[in-house]
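Open the model in your viewer and set it to a cartoon view. The stops below go from the whole chain to a single element and its surroundings.

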Amino acid sequence: MADLTIETIKLTQFQVNGAVLEEVADMLTKANRIFLFAKGDSQIRARSFQNKMIKINKFLIVADEYADESWTAANLNNTDCALFVTYGAKSTQHFKILTYFKEKRIPSIILTGNPHSELNDLATLSIGISQNEYDFFKIGTFSSQIAFQYLLDTIFSILYAKEFKKNLVNLKRKHELLEQGILSEQNVSD
């Protein structure tokens, strides 16, 4: 697993353009609301990203949570941003949603393990990474999920660094509140 993780991260790093990651971070920074479109294992990575973003006061909405992604998509506007995390990038529903977003000029980003998917052309920004997994005999989605985690962590680190001092002060203040303040577990009386 260690070798697989190291090799996956190296391959992903080699395939990704730093300027595109900066563009992704800029798009997310400007967004009023950020919606995550991801299913299965990819949604687990998206939720991890959602959890990190809370730490810098960005609250992401999981669009696929209750199979209401079409309703959610209909409520986005051009001040929002949609982030798709999908290994195969073959979902008909995602195709319809991205077509709608392109038509309405709603910013969208897709992270995918299928750099040849037609969904890539519909998104405002696309990051396609190839991994050594084959749908017909894979025993797990280890490589793609490691790659997605690496990409999302990298995007988070870029966002954090853009306002480093502000984020650091904010995190320290909140940490103190959670450790010793009224929100501390220690201050709970039974």
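**From the whole chain to one helix**

Begin with the contacts of this predicted model: of those joining residues at least 6 apart in sequence, 70% link residues at least 24 apart.

Next, colour by secondary structure. Eight helices and five strands should appear. Followed from the N terminus, the elements run α-α-β-α-β-α-β-α-β-α-β-α-α.

Now select the C-alpha atoms and look along the principal axes. Along those axes, the C-alpha atoms fill a box of roughly 55 × 45 × 35 Å. The radius of gyration is 18 Å, which agrees with the value near 16 Å for a compact globule of 190 residues.

Switch to a surface. The protein exposes about 11,100 Å², and carbon and sulfur atoms supply 55% of that area. Then colour by burial: 44% of the 190 residues are buried.

Select the charged side chains, with one colour for each sign. There are 21 positive and 22 negative side chains. How far apart do the centres of the two sets lie? The separation is 6 Å.

Finally, select residues 142-162, which form helix H7. This helix has 21 residues and reaches 30 Å from its first C-alpha to its last, close to the 30 Å expected at 1.5 Å a residue. Keep the burial colours on and ask why H7 counts as largely enclosed by the rest of the structure. The reason is that 15 of its 21 residues are buried, where buried means under 20% relative accessible area.

Methods. Residues are numbered from 1 along each chain as its sequence is written. This is a predicted model: local features need pLDDT of at least 70, side-chain atom pairs count only at pLDDT 80 or more; totals for chains, interfaces and linings use all residues. Side-chain values use heavy atoms; hydrogens and water are left out. Helices (H or I, at least four residues) and strands (E, at least two) are DSSP runs, numbered from the N terminus. The radius of gyration is taken over C-alpha atoms; the globule rule is 2.2 Å times the number of residues to the power 0.38. Buried means under 20% relative accessible area, exposed over 50%, partly exposed in between (1.4 Å probe, protein chains only). Contact means heavy atoms within 4.5 Å. Accessible areas come from the Shrake-Rupley method with a 1.4 Å probe; for residues, only the protein chains shown count as cover. Lys and Arg count as positive and Asp and Glu as negative; His and the chain ends are not counted. The place of a charge is taken as NZ of Lys, CZ of Arg, CG of Asp or CD of Glu. The expected span of a helix is 1.5 Å times one less than its number of residues.
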